[in-house]
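Subject: A structure for you to look at

Hi there,

Here is the structure I promised to pass on. Have a look at it first, then read my notes below.

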Amino acid sequence: MKGLLKFIGTLGLLYGVSSGMAARAQETGAREDTAQVRTIPLWGHVKDGFTYAALHGTFVTLMREDSTVVDTMHVQCFNSGTPQEDTYYKFDVPARRARYIIKAEHPDYYPEYVDCAVRYVARNPYVDARHHEMRRRPYASFADRSLGEVVVKATKIRVAYRGDTVVYNADAFNLSEGAMLNELVRQLPGAELKPNGEIYVNGRKVDYLTLNGTDFFKGDNRKMLDNLPVFTVQQVKVYDKTTDRSEFLGYDTEKKAYVMDVSLKREYNTGYMANVAAGGGTDSRYAGRAFGLRYSDRSRVTLFGGMNNTNVYNDRPGENGEWPEESLTNGEFVTRQTGGEFFWQNKAKGIENSLTANAEWSDRDVNRKSATEAYLPQGNRYTRSSSLQDVDYMGVNANNWLTWKTKDHLLTVHSYVGYDRTDTHGYARDAAFDTDPSAVGGIDEVLDSAFLLPSSGSARMRWLNRSSSRSLF
């Protein structure tokens with residue numbers, strides 16, 4: 001019995017000790033929890049950095065040292081409308097040592113950042129941050145704004161220089177759909193295109209055009225300029241080209257040719273190309289042309305044809321929509337032309353042959369008539385004249401260039417055959433009168449009367465002199 005009582009007393013003592021320890025632990029945890037939730041205010045002020053005026057509408061962001069956002073707010077105002085007006089902000093932060101970054105933003109000012117350190121929390125009931133003295137932007141439109149999707153496109157370089165070679169990137173030029181090579185050449189910096197097809201680059205005349213490094217209607221630039229679509233062109237290069245003879249010998253024995261080489265895009269190095277244009281107008285005017293090209297990396301076949309009676313050598317107007325003055329002719333002019341080119345090169349590029357052929361027909365009729373009156377002291381003098389000239393032209397020619405070259409040999413053969421013929425027919429009549437012959441009729445009637453009737457004393461047909469001529473050659 002005595003032992004049992006001793007055991008029960010021991011258990012009671014242990015229970016009391018454990019209860020006391022648990023109570024003290026709960027009290028300590030409660031004190032710690034209270035310290036964790038204790039906060040102190042963090043105050044700050046925002047003003048104009050030049051006038052020190054209050055800044056309404058400023059947005060303030062409180063961030064930790066790692067720039068993670070803790071809290072945000074808009075500034076509040078104290079003593080609004082008075083000289084002591086102040087815009088401020090207040091955040092409640094934990095009462096423990098810490099460092100914060102405070103950002104102030106306003107649409108008309110640059111963002112202003114302030115660092116703030118919280119310390120000595122035991123004796124300081126609050127923390128004051130350094131004032132935000134904000135700098136105004138030059139223009140309010142420069143304020144930070146959230147932008148939508150932004151697409152960044154690379155700028156294409158129009159012109160590049162590779163040693164002495166000028167390289168133009170065709171894709172960098174804005175041209176209309178269906179534009180031909182001539183429109184691209186007109187836009188090349190430093191290039192000038194004449195109406196007759198001559199090209200000048202930086203004031204220097206281009207000797208001839210080449211296509212992928214090979215001749216194309218050598219000496220007749222308009223064939224390529226007027227018929228090659230721009231969308232097939234990758235780049236245009238201008239450089240001094242060494243002749244085959246100089247290249248073979250290893251030094252310059254002949255003057256280099258200044259050439260403009262047109263390089264096609266890879267997808268157009270093999271294929272077919274064609275374009276046709278036709279038009280009609282008043283007084284039975286017409287113009288038409290056709291062009292076809294089959295090409296590969298080692299061969300090329302070209303056919304073309306055209307005809308018009310628009311009194312011009314060229315079948316299309318110039319850059320500004322006007323017919324070039326040097327291509328206009330007098331009278332009525334009709335022209336027809338056709339031709340072609342064949343180019344072939346072997347796989348080793350040791351043998352190549354280029355054949356071009358052209359045929360042209362034209363007919364020009366020029367009819368001139370005039371009626372003049374000269375005022376003289378002894379009496380007026382009246383003159384009537386009429387002339388007609390008919391010029392018919394027909395010409396055909398063919399050129400062939402054959403080149404064979406090996407490591408030790410070079411052979412170039414140029415063959416030419418051509419035929420042309422011009423037939424000219426014409427006549428001219430003129431007569432002078434001392435009386436006005438208008439009563440007889442028009443110019444032709446007056447001249448017919450002067451040459452068919454003998455001179456008379458009548459006022460109706462008194463001619464002073466007359467002449468007539470005919471030509472045939």
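Let's start with a small detail: Val-201 sits opposite Arg-204, a residue of strand 14. Keep in mind that this is a predicted model.

That pair belongs to a bit of sheet you can trace by eye. Strand 13 covers residues 199–201 and runs antiparallel to strand 14, with 2 bridges joining them. Together with strand 12 they make an open sheet of 3 strands, in the order 12-13-14 and with antiparallel pairing. Strand 12 (191–193) and strand 14 (204–205) are at the edges with a single partner strand each, so one side of each has no neighbour in the sheet. In general, strands of a sheet pair through backbone hydrogen bonds.

Now zoom out. The protein has 473 residues, and 34% of them count as buried. You'll find 26 strands in it, along with 5 helices. If you take contacts between residues at least 6 apart in sequence, 59% of them join residues at least 24 apart. The accessible surface is about 29600 Å², with 52% of that belonging to carbon and sulfur atoms.

One more spot to visit is the second largest pocket, which has a volume of about 620 Å³. Which residues lie nearest its centre? They are Asp-215, Lys-241, Asp-244, Glu-352 and Thr-403, out of 23 that line the pocket. By class, that lining has 9 charged, 9 polar and 5 nonpolar residues. Among the elements that each supply at least two lining residues are helix 4 (244–249) and strand 24 (381–405).

Cheers

Technical notes. Residues are numbered from 1 along each chain as its sequence is written. This is a predicted model: local features need pLDDT of at least 70, side-chain atom pairs count only at pLDDT 80 or more; totals for chains, interfaces and linings use all residues. Side-chain values use heavy atoms; hydrogens and water are left out. Helices (H or I, at least four residues) and strands (E, at least two) are DSSP runs, numbered from the N terminus. Buried means under 20% relative accessible area, exposed over 50%, partly exposed in between (1.4 Å probe, protein chains only). Contact means heavy atoms within 4.5 Å. Accessible areas come from the Shrake-Rupley method with a 1.4 Å probe; for residues, only the protein chains shown count as cover. On a 1 Å grid over the protein atoms alone, a cavity is a set of points where a 1.4 Å probe fits but cannot get out, and a pocket is an open set with protein on both sides within 12 Å along at least five of seven lines; lining residues have an atom within 4 Å of a point. Grid points are joined across faces, edges and corners, and a volume is the space filled by probe spheres set on the points. Ala, Val, Leu, Ile, Met, Phe, Trp, Tyr, Cys and Pro count as nonpolar, Asp, Glu, Lys and Arg as charged, and the others, Gly among them, as polar. Two strands pair if DSSP finds at least two bridges between them.
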